[in-house]
Structures are given as structure tokens and as C-alpha cells.
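Biologist: I have a protein model on screen and want to learn how to read it. Where do we start?

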Amino acid sequence: MSRFQLHERISDIPAPAWDALAGNGNPFLRHAFLAGLERTGCLRRDWGWTPLHAALWEGGRLVAAAPAYLKTNSHGEFVFDHAWAHAWQRQGLPYYPKWLCAVPYTPVTGPRLLAVDEAARASLIEAMRGHAREAGLSGLHVNFLPETEAGVFGGDWLEREDVQFHWRRDPRWRDFQDFADALDRRKRKNLLAERRKVTDAGIELRIVHGDEAGDADLAEAHALYCLTFTDKGNAPALTLEFFRHLAQAMPRALVLVLARQHGETVAAATCLRGPDRLYGRYWGSRVDVPGLHFETCYHQGIAYCLDQGIDAFEPGAQGEHKLARGFLPVLTRSRHWVAEAGFVEPLRAWCAEERAHARRYAAALAQRHNPYRVPPALAAC
């Protein structure tokens, strides 16, 4: 007999049991990553994040689980629903709190409903929806789920899609020059010119994993990450303790791209990696050097993937400018259940229009702005 349980700390769920369900493909779903967010001060109630993870147990065996959070705002989600919140408000209804199944601050597709089989996965999502209804929450939202999990949601769930830009490796590419040669002439010329500007500015770049990074490297990467947020008037959520935690708990998953000029670290990109995929996450710079952002955040990541035999590189959300650097449009997915029956059909029509727009946009970009001379033979992943 299955037992549904809510956990206010992921540390209440044994790490081996969680990781057995999550697998090792996506670093953001690892127990160490999620527990680190909670332990090092990255998730604050006054910022809208209250952990409320869902688990399905059979005796002492974990058969399904989901990273989930009560939200009192839509900060750090990357599936934008502010218009929904305003619609609720206009009707005098509370939109918050809502329940979100996702990885905080992480617009990365990956497993959301971890389970031993499809039956356990279906039971988990039904139990979660039942709790959302009983608790009087406005809805349950599952962001950036993989297509393989989409079949568990019934017709009363709303479907949303958006577009990101990902790089995929052609197995025929031996190095960065092979990749550059596959681009059309103008894009290849511009890309190589960007790289020369960085070199001419005296910038030297190196890539280190967590177990190769000194504490000064971690402190610099974190300080530069903070600089990006404060320059834009936002508060950085991730702490230096979290960066140190990743270096210790997930040493080979943490990848830092560090740029030095005149002996000083002036820019950095913080990435995570799985067995076959690199994820670009955070960036910052103290200097204004033409092309430095593209070199640190994109070109170095592509070179790393080619060197390591990694099949795909996801550099983060949005960014049509990534097309010119070999990234192609892909669709991302989310599913949403809302408690207020009167909103369901209007939102269903709204979501259908949004999906159609996202698909037209992705198709048009792929057709009219494809950066390659000929379509690459993309690695399966």
C-alpha cells in the first residue's frame, strides 16, 4: 500500500533513495544539488521559496518523488505566469501560494516526477494534485519537464511551451575548428573575429572542475555572478557557501570558465555537466571587452564539449543571438493544473495560442536563420 508524504526538507529523504530514482543524467536533480540550495541559504521564504517535496513510499521504499516548493511569487521560475496572477487578482482571488514542481532558479529540462515506473509516477502526480486541492492552493505547476513524462498528465492539465537554444555535437567534428568550418561563411567569419578580439585584449581562459578549483577561484566566480545580478538591480540568490558546496559535493559536475587579464580574474562562467550534456548557468565580468561574453559563455563551452565528447550544450534561457554561434531552437514544456474551474477554458485557449506561436517561431528560426552551411549530423541524446 502506497503512502503519500510531504517533506519540508529534502534531507528528510535519504540521498541514496532519491538519487536512485533521479539517475545521474541531470546534475540539478541530484540530492546534493537540491539539499545544497536548502542548507546554504539560497532558498528564502521572503523570496517566495518554501520547500515542500512530495514522496510516495511503499513501506520503507521510495517509489516516487518530486522536488516541489510552495511559492508566494513567481521569482526564479522562468515559466512566466504574471498575467495569470493578475487575472486572479482582478477577480479578487488569491493566486499565491501555488505549488511548483521544478528546480529553483534553473530553466533546464529534466526529470520532475521521479519514479520506479509509470504507475508510480501517475500515482504521485494525482496525490500531489489532491493535496493542492485540499490545501486550497491556486494550482500545481510542473516546469521544464521532459517529453517522456508528458503522458502522465490528463486532459485537465494545461500545456505550455517555450523556446530555448541548444548546441548539439556532430560526431564528425574533432575540434572547435571543425565546428567553425561547418558554419556558414559570414557567421564563421564573425565568430572567429570575436575570438581574436578576446585574444588581442590579452585575455587568457582556463576551465577547471570543482576539484581543481581553489577557494579563490570559487570566490571570484561567485563575486562575478553577484555582480551580474546587482548591476541589473536584482538580488543574487546563490551564496558563496553554495558554490563551495558544489565543489565539494559534486566536484566533477561543477565546471568553471575563468578569464584572466593582467594576472587578474576579470570574467567567469559557472556551468554544470552531466554525462552527455553541459549546462551554462551564471556569468559575470568586470571589464568591457568585445566578444568576452560570447567567448566565456558559449565558445569555451562548445570547445569543452568537443574535447570531452559531450553531445549537447544548453547555455541558459532565451537569447536569439545564440543562433549565430551554432545553437538551434528547441521547445521546452510545462504542465499546469489550476483549481479555479472558471479559468480553465480561457487559459486553455491562451496556452494553445502560445504553443502555436512558439512552434512557428522555432520553425522560422531553424529554416531562415540556420547557422550551418549544411545540417549537421547531430549526436543522439
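Modeller: Start with contacts along the chain. A contact means heavy atoms within 4.5 Å. Among contacts in the protein chain between residues at least 6 apart in sequence, 76% join residues at least 24 apart.

Biologist: What should I know about the model itself?

Modeller: This is a predicted model: local features need pLDDT of at least 70, side-chain atom pairs count only at pLDDT 80 or more, and totals for chains, interfaces and linings use all residues. Residues are numbered from 1 along each chain as its sequence is written, and side-chain values use heavy atoms, with hydrogens and water left out.

Biologist: How many helices and strands does the protein chain have?

Modeller: Helices (H or I, at least four residues) and strands (E, at least two) are DSSP runs, numbered from the N terminus. Here there are ten helices and 15 strands.

Biologist: Why is the chain called as compact as a globular protein of its length?

Modeller: Use the radius of gyration, taken over C-alpha atoms. The globule rule is 2.2 Å times the number of residues to the power 0.38. The chain's radius of gyration is 21 Å, close to the 21 Å that the rule gives for 381 residues, so the chain is as compact as a globular protein of that length.

Biologist: What share of the residues is buried?

Modeller: Buried means under 20% relative accessible area, exposed over 50%, and partly exposed in between (1.4 Å probe, protein chains only). In this chain, 55% of the 381 residues are buried.

Biologist: Show me a helix. How many residues of H2 are buried?

Modeller: First, the general idea. An α-helix has 3.6 residues a turn, so residues three or four places apart point the same way. H2 is mostly covered, with seven of its nine residues buried. They are His 31, Ala 32, Phe 33, Leu 34, Ala 35, Gly 36 and Leu 37.

Biologist: What covers the buried residues of H2?

Modeller: The cover includes helix H1 (15–22), strand E5 (68–71), H8 and E12. Now look from H8 (residues 240–249), whose buried residues include Phe 242 and Phe 243. The buried residues of H8 pack against H2 (31–39), helix H7 (215–231), strand E11 (254–261) and strand E12 (264–273).

Biologist: Now one residue. Is Gln 164 buried or exposed?

Modeller: Gln 164 sits in strand E9 (residues 158–168). Gln 164 is buried, at 3% relative accessible area. Its side chain reaches the backbone oxygen of Pro 107 at 2.8 Å. Among the other residues that Gln 164 touches are Phe 144, Glu 314 and Leu 328.

Technical notes
Polar contact = N/O pair within 3.5 Å; in protein donor to acceptor, adjacent residues only side chain to side chain.
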